[in-house]
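These are my notebook entries on a structure that I looked up for a reader new to it. I set down each term with its cut-offs where I first need it.

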Amino acid sequence: MSGLSEPQTVRAPAEDTMFGPALRGWLAFMVLAIGWSVSRYYVGVANLEANGNPGWDTWLWWVPEIMVVVGILGLFILVVSLEASNHSRIANLANPTPFMRMSGEILPRLALVTALLIAAGLAMSFRAPPDDLQGQAARIMFIHVPAAWLSMACYTLTAISSAGYLIWRHPLADVSAKAAVPIGATFTLLALLTGSLWGKPMWGAYWVWDARLTSVLILFFLYLGLIALRQAIDDPGRAGRAAAILSLLGAVNIPIIKFSVNWWNTLHQPASVIRAGGPTIHPALLIPLLVMAFAFTLLFVALHMKAMRAEILRRRCEAMIAIHVRGGGEAANV
Amino acid sequence: MFDLGPNAGFIWISYGAAVLLIGGLIVWAWAGEREQQQRLAGLERRGLRRRSSQQEL
């Protein structure tokens, strides 16, 4: 892709900056926070079972969870602040070469923290007490709800990236939109499958045509349509623009999914975590759910970064081949 | 801890589906970059260059 050009500036190797040591410090902080969070949760559930007083009614209990959230936010602040101090322009991050360098530094640490957080979330999920009404089947929630959240978040990212591509013609925005779609489709399929498996024991049916389920099924078809559209058009520029327009049109489905349980009389339960008045879920179930949600979010960030790297390299290959076929008088501008 | 009651099948299939789908995504993402890196290296071995590489030479 001739559009994947970047300014030819001389950069210091990453290890010459504070980035390497800062990332190692971040990794140690996250390992400490995750380990502390899991051990505190096990103590809390044991207290709950022994004397009915888990101890998580004071804010001090939530310090390790707050540390996990601060750590995740801190990674993004670290990347932006170091990049800004090194190169004076945050916008450099939106060019392919700095993106490849930064993501190459971040990904191994991010993958490790994601794996730890998923392990912690699973350990909490299977230690959580059964729900009073739904019994053990409520454990499906720890997979279903994060997958459903990410199905919508991933589509929102696709739509924002598509808008960025249509308005500014920034090639990395198109790379971001294209890379997010297969990941979003998979999380949507997982939400549909686990929802169906949760629905059978609770509702007596694998599927009902209520507004929430139907709108999520439409989201899945939108993802498949975006994949098919890119496959159907040979010219990458035209394919990118067509997919961007379709993804922006489809974005209307996101608020419909979110508010479907309020606007229509659905069998699916209304919002119970992100709602006015606070969550209605007991902390014993809410803590593993939030940990799994953060774990899935980090997993999505890592997968998206990796898929973007593959797409940038693929476009570089295509551009080199195209220029070679045209006569080899010019090198690829990627 | 692992006595999941009468709905154990639904729970295990849900977690199994998550392992399969997420595992597939991880393999797809990692194999995708590896494949393109090998392709790029192959092209460079055949003498094809990016503009930035020519400027460095």
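I began with exposure: buried means under 20% relative accessible area, exposed means over 50%, and partly exposed lies in between, with a 1.4 Å probe and protein chains only. I note that this is a predicted model, in which local features need pLDDT of at least 70 and side-chain atom pairs count only at pLDDT 80 or more, while totals for chains, interfaces and linings use all residues. Residues are numbered from 1 along each chain as its sequence is written, chains are lettered from A and ligands numbered from 1 in the order in which they are written, and side-chain values use heavy atoms, with hydrogens and water left out.

Entry on the chains. I looked up the helices and strands, which are DSSP runs numbered from the N terminus (helices H or I, at least four residues; strands E, at least two). Chain A has 9 helices and 0 strands. Chain B has 2 helices and 0 strands. Of the 334 residues in chain A, 51% are buried; of the 57 residues in chain B, 39% are buried.

I then noted the accessible areas, which come from the Shrake-Rupley method with a 1.4 Å probe; for residues, only the protein chains shown count as cover. Chain A has an accessible surface of about 14,700 Å², and 67% of it belongs to carbon and sulfur atoms. For chain B the figure is about 3,700 Å², with 58% belonging to carbon and sulfur atoms.

I also looked up contacts, meaning heavy atoms within 4.5 Å. Taking the contacts in chain A between residues at least 6 apart in sequence, I find that 75% join residues at least 24 apart.

Entry on Trp149(A). I asked where Trp149(A) is placed and found it in helix H4 of chain A. Trp149(A) counts as partly exposed because its relative accessibility is 28%. Its C-alpha atom is 8.9 Å from that of Phe187(A), although the two are 38 residues apart along the chain.

Entry on Arg169(A). This residue lies in the loop between helix H4 (141-168) and helix H5 (171-203) of chain A. I noted its positive phi of about 55°, although Arg169(A) is not a glycine. Most residues other than glycine have a negative phi.

Entry on H5(A) and H6(A). For helix pairs, axes are lines fitted to C-alpha atoms over the stretch in contact, and angles run from 0 to 180 degrees between N-to-C directions. The axes of H5(A) and H6(A) come within 9 Å and cross at roughly 150°. H5(A) is therefore roughly antiparallel to H6(A), a term for angles over 145 degrees (under 35 is roughly parallel, 65 to 115 roughly perpendicular and the rest oblique). The crossing of H5(A) and H6(A) is left-handed, which means that the near helix is turned anticlockwise from the far one by less than a right angle; clockwise would be right-handed.

I picked out two residues of this pair. Leu189(A) belongs to helix H5 of chain A, and its 28% relative accessibility makes it partly exposed. Leaving aside neighbours within four places in sequence, Leu189(A) is in contact with Phe220(A) and with Leu21(B). Ile227(A), in helix H6 of chain A, is partly exposed at a relative accessible area of 30%. Not counting residues up to four places away in sequence, Ile227(A) touches Val181(A) and Pro182(A). Between Ile227(A) and Val181(A) there are 7.1 Å from C-alpha to C-alpha, and they are 46 residues apart in sequence.

Entry on H6(A) and H8(A). Helix H6 (residues 211-232) and helix H8 (residues 253-263) of chain A pack at an angle of about 160°, their axes 8 Å apart. H6(A) is therefore roughly antiparallel to H8(A). The residues in contact include Leu219(A) and Leu222(A) of H6(A) and Ile257(A) and Val261(A) of H8(A). This crossing, too, is left-handed.

Entry on Ser37(A) and the cysteines. Ser37(A) sits in helix H1 (residues 19-51) of chain A and is buried, with a relative accessible area of 3%. Apart from neighbours within four places in sequence, Ser37(A) is in contact with Pro64(A), Glu65(A), Met124(A) and Val291(A).

How many disulfides does a search of the whole structure find? I record 0 over all chains, taking a disulfide as a pair of cysteine sulfur atoms within 2.5 Å. Cys154(A) is buried, at a relative accessible area of 0%; Cys317(A) also counts as buried, at 0% relative accessibility.
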